[in-house]
Amino acid sequence: LPFGQVALFCFPAKFHRHKPVSLGRPAFFIAGDRRKERSMQTCQDNYSTVFASFGEMHTYHRQLSQESQWRRCRVRDLTIEPLDSKSPLAEDLPAFAPGTSQEAVRDTVRGLGLAMRVEGNLYPMRDTAYKSLLDRAKLRGSVLPKLSRPKLARTLNDCLHVFTSDALVLIRDEKVAAAHSGEPADYAVLPADELLEVLQAKLDSRFPGNQFETGYWDHTLTRAIWTLPGQKEELLRTYQQELAARGKTGVESRLTPAVQFLTSDIGVSSAKVIALLEGGKTPIHIGSCVAVDHRCWAKVEDFDKSLDQLFAQFQDSVGKLQKLLNVYLNYPVNAMTRVCKKLNLPKKAALEAIHQFEVTYGGGPATAHDVFLAMQEIPFFLSCDHAPESKLLAVAESLARALTFRWEDYDLAKGVEY
C-alpha cells in the first residue's frame, strides 16, 4: 500500500494468521502502512505485530536494535517516580526525556503507573520492566502491587539506593522495558536481528527449501516459525511408517517438520530453537533443540555454533514422540488428567481437552501418543480465549516435557480431581 493508505478486508475465516476467529459472522482486518502503525502504537504496552516474510521481520528487528538504548548505570542511581492518574507528571510531558509522547505517558498511567529516572532523564516504565525492577531492589511479595503508586515508588527507592551493583537498563519505544543486572556474567545482549540472520543462514545451509511461515513480535518476546518440507521424508519417515502400520491416517500423517525461534530482551526466554510438527490446529512442540541463555558473556556466535546440533536434536525429539506409540494405557483419561495436573496446565482449558478426549476416543485402552496429541487441544482452547502469546508458548513448552515422562506411572484406575 502507498504510505498512509489503509485497506479493509472482509471475509469469513476460522483463522487469520493463527489467531482464531468466530465463524458465522464476517471477520474484519485492517492492513495499513507498518511505518505509520509503528510510530502511532509501539509505545503501548499491549502492542504486537506479525510478519508475513523473513525480510519484513528482519528489517523491523534491525530498526528496533538501532533505536533501542542499553544504559549501564549504578542501581543506587536509579530513581522511581509515581505515574498514576493523581501524579502531577501525568500532565507534565516536558518533565520526560525528549521524544516521549503523551500517549506513552497515558498508557503508563493506565498500566504500571511508574516512571524511572535514568542518567538524569525520566522515562515511563513498561509493565515488562516490573519483575526485573524488583530483582534490582531485591524485593518480593504479592502485597507490593496493591500499594499506592507513591508508596510503591518510595519502597523501591529505599531499596534501590542501598545497592552499589550495576544495572543494565533497556529503553525502547519511549519506555523503560527492562532493568537487568549490569554485572557482565549476569546478562548478555543478543540482538534479535543478528540471531535471525544466523538462523536463516543455517537453515538455508542445512535445510534447503525451508519456508518462512510467520513471525510475531511484542514487548515481551520475538517468535518466528519456518517449515521444513524438503526434510519431511528424512526427519519423519520412520515415524510416519509406524503411524501407517497402525492405521493412523488422520492429522498425524499430514504433519510437516518445522522449527520455532524464540528470544526476549526482557528475560522471559533464552535464544532458542524448538522442534515443531505443523499441520494440526496448533503447532505441536516436541522439544527444545538449541538454547543459549542471555548470560555468562554469551554472544551471537555461541548461538550460531549451537545450531550445528539442530538436525540431530530434531531427530531425537521425533524419536521421543514415536516411542509413545508403544506405551499402552489402560486408563488414558485418568493418565491425561494426572499428566495435565503434573504439568500445572491451565485448569479450564485442560478440562475441556480431557472432556473432548473422553467423548471421542471411544473407551478402552489407548496409547500415550493418543493422549499426547489430545493434549495439544489445550493451547488451541487458550487461543480461542485470546490468551497472551507468552502464555501460549509457556503451555506449549510444558506440553513438550510430557514426552520424557514415564506414562505408566500416571496410568492408574483411581480417578483424580484436577
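## Exercises on a predicted model

Helix 10 is followed by N344, which has a positive phi, near 55 degrees. The structure here is a predicted model, so let's start with how far to trust it.

**Exercise 1. Find where pLDDT stays under 50, and set that against the chain average.**

*Solution.* Step 1: take the whole chain. The average pLDDT is 87, and 89% of the residues score at least 70. Step 2: look for the weak stretch. Over residues 1-40, pLDDT stays under 50. The model still has 68 contacts beyond four places in sequence for this stretch. Step 3: decide how to read that. Where pLDDT is low, the predicted coordinates shouldn't be read in detail.

**Exercise 2. Work out why helix 10 counts as largely enclosed.**

*Solution.* Step 1: locate the helix, at residues 332-342. Step 2: check each residue, where buried means under 20% relative accessible area. P332, V333, N334, A335, M336, T337, R338, V339 and C340 pass. Step 3: conclude. That's 9 of the 11 residues, so the rest of the structure largely encloses helix 10. Step 4: ask what does the covering. Among the elements over the buried residues are strand 17 (328-329), helix 11 (347-360), strand 18 (366-367), helix 12 (368-375) and helix 13 (377-384).

**Exercise 3. Describe the largest nonpolar core, then zoom in on F303.**

*Solution.* Step 1: pick out the best-connected members. Of the 80 residues in this core, W226, F303, M375, I378 and W407 touch the most other members. Step 2: see who contributes. Helix 12 gives the largest share, 6 residues. Step 3: follow F303. Beyond its neighbours within four places in sequence, its contacts include L195, F261, K272 and V292. Step 4: look elsewhere. A second, separate core has 28 residues, including A129, L139, L152 and C159.

Key
Residues are numbered from 1 along each chain as its sequence is written. This is a predicted model: local features need pLDDT of at least 70, side-chain atom pairs count only at pLDDT 80 or more; totals for chains, interfaces and linings use all residues. Side-chain values use heavy atoms; hydrogens and water are left out. Buried means under 20% relative accessible area, exposed over 50%, partly exposed in between (1.4 Å probe, protein chains only). Helices (H or I, at least four residues) and strands (E, at least two) are DSSP runs, numbered from the N terminus. Contact means heavy atoms within 4.5 Å. A nonpolar core is a set of buried Ala, Val, Leu, Ile, Met, Phe, Trp, Tyr and Cys residues joined through side-chain atoms within 4.5 Å. pLDDT is the predictor's confidence in each residue, from 0 to 100.
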